[in-house]
Amino acid sequence: MKIDSGSTAWMLVSTALVLLMTPGLAFFYGGMTRAKSVLNMMMMSFVAIITVTIAWVAYGYSLAFDPTDGFLNKFVGGLDNIGLMGVNEAAYNDTFPMMVFSAFQLTFAIITVALISGAIADRAKFGAWVVFTVVWATIVYFPVAHWVWGGGWLTELGIEDFAGGTVVHINAGAAALALALVLGKRSGWRKEPMRPHNLTLVLLGTGLLWFGWFGFNAGSELAADATAGLAFMNTQVATAIAAGAWLVVEKLRDGHATTLGVASGAVAGLVAITPACGFVDVWAAALIGLLAGAICAYAVGLKYKLGFDDSLDVVGVHLVGGVIGAVALGFVAAYPFLDGQKVGLFYGGGWSQLGLQVLGPVAVGGYSFIVTYVIGKIIDKTMGFRIAQEDEVTGIDITTHAETGYDLGTIHSSGVSSLNGPAVPAEAKKVDA
């Protein structure tokens with residue numbers, strides 16, 4: 001097996017960076033919830049690492065990337081790589097082991113599933129979520145990854161998605177909307193304050209996501225070359241400008257530029273540049289970031305106008321941001337380091353590629369929404385998807401996990417907190433003469 005050590009090293013680093021994004025997402029989501037739900041929210045991300053890894057090794061990689069022939073191959077891969085059989089002996093384009101490619105793609109599957117959890121914060125049964133992660137990855141993510149990246153029907157049509165705007169973000173965003181509708185609104189939604197309980201965690205999570213996203217985007221070139229460098233720079237430019245654009249919108253609209261705003265704007269920019277990062281010039285990346293930051297700042301308010309409780313704005317950031325990036329590619333695709341590609345409308349290309357960049361989000365978003373809604377309903381009717389209202393009011397961390405995110409100790413009548421050791425009765429506190 002012939003491999004290039006430089007590309008192999010880069011892909012191993014990129015894989016680790018993308019895996020880091022899921023714990024980063026746990027911090028990001030955890031800080032945005034109320035204090036009584038922070039552990040459950042973070043657990044939903046961490047358990048996705050477990051369940052999706054098992055499903056991927058067992059059959060997921062095969063369903064997504066096994067290039068079998070025949071009509072069914074347009075929609076799903078074959079079964080030749082069940083249990084990763086045969087993967088260890090192959091190389092990706094004679095550059096790095098196929099096992100590394102499989103590991104890299106696994107990290108994408110993990111974070112896509114974890115992203116959905118933000119829409120149903122505070123109110124989902126943990127066991128139902130565990131079941132959902134496996135079923136959704138099997139029926140939705142693995143086939144969609146095959147459609148776009150594994151030789152499926154969208155691949156044949158010529159859709160472009162450099163690092164997952166369609167496969168990851170539109171897919172997860174549409175699923176998030178479906179689950180939010182299945183579970184319904186949180187108890188007290190729009191009547192009680194449901195502000196983020198720890199913005200420092202949100203900013204920590206944003207930093208980890210931003211850092212990991214360089215592996216997500218630049219790593220998707222699957223080589224250490226000029227296109228990877230372009231994707232790296234475009235990721236930074238779009239993210240920074242999107243964060244700034246969100247802050248400007250907040251300042252003009254609300255009079256304040258907030259930490260939650262800079263975090264949300266950064267993620268919106270990361271999402272939007274993902275499908276285009278290796279295919280556009282830097283000026284186009286800046287434009288995509290500007291559009292994503294400004295539009296998503298307003299899009300997160302759609303849930304109030306339309307009446308669905310997307311707890312942590314997965315729809316407004318990931319679905320809307322993913323659509324912005326995917327469709328923008330039809331206008332500004334330039335392929336600076338690639339030959340023979342269909343450039344965007346602004347570079348003299350025709351309308352066909354733009355049509356494909358619209359078709360992809362419609363097809364993937366529609367499929368994900370419908371199938372997710374059905375999966376959610378079946379789980380809800382069989383094992384129940386939502387916790388009891390009493391448990392929701394008490395706090396899902398205590399009722400589900402028997403833990404709390406912040407053990408502040410008991411304040412005794414003496415005023416001495418047990419955080420500093422056993423409380424000492426006031427009458428026992430004497431000063432020696």
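**Exercise 1. Contacts along the chain**

What share of the contacts in the protein chain with a separation of 6 or more comes from residues 24 or more positions apart?

*Solution.* Start with the ground rules: this is a predicted model, where local features need pLDDT of at least 70, side-chain atom pairs count only at pLDDT 80 or more, and totals for chains, interfaces and linings use all residues. Numbering runs from 1 along each chain as its sequence is written, and side-chain values use heavy atoms, with hydrogens and water left out. Next, take a contact as heavy atoms within 4.5 Å. The share is then 76%.

**Exercise 2. Overall dimensions**

Work out why the radius of gyration of the protein chain agrees with that of a compact globule.

*Solution.* First, the rule: 2.2 Å times the number of residues to the power 0.38, with the radius taken over C-alpha atoms. For 433 residues this gives a value near 22 Å, and the chain has 23 Å, so the two agree. Then look at the principal axes, along which the C-alpha trace spans about 90 × 50 × 50 Å. Finally, add the secondary structure: 15 helices and two strands, which are DSSP runs (helices H or I, at least four residues; strands E, at least two) numbered from the N terminus.

**Exercise 3. Into the core**

Which residues touch the most other members of the largest nonpolar core?

*Solution.* Begin with burial (under 20% relative accessible area; exposed is over 50%, partly exposed in between; 1.4 Å probe, protein chains only). By this count, 55% of the 433 residues are buried. A nonpolar core joins buried Ala, Val, Leu, Ile, Met, Phe, Trp, Tyr and Cys residues through side-chain atoms within 4.5 Å. The largest one has 110 residues, and the answer is Phe28, Ile116, Trp129, Phe132, Trp136, Phe216 and Phe385. A second, separate core has five residues, among them Phe308 and Leu319.

**Exercise 4. Two residues compared**

Asn171 and Gly244: is each buried or partly exposed?

*Solution.* Take Asn171 first, which sits in helix 6 (residues 165-183). Its relative accessibility is 0%, so Asn171 counts as buried. Setting aside residues up to four places away in sequence, Asn171 touches Trp136, Val140, Tyr141, Val144, Thr166, Val364 and Ser368. Trp136, in turn, has contacts that include Asn171, Tyr141 and Ser368.

Now turn to Gly244, in helix 8 (residues 226-254). At 30% relative accessibility, Gly244 counts as partly exposed. As a last step, pair Gly244 with Val262: they are 18 residues apart in sequence and 7.0 Å apart in space, C-alpha to C-alpha.
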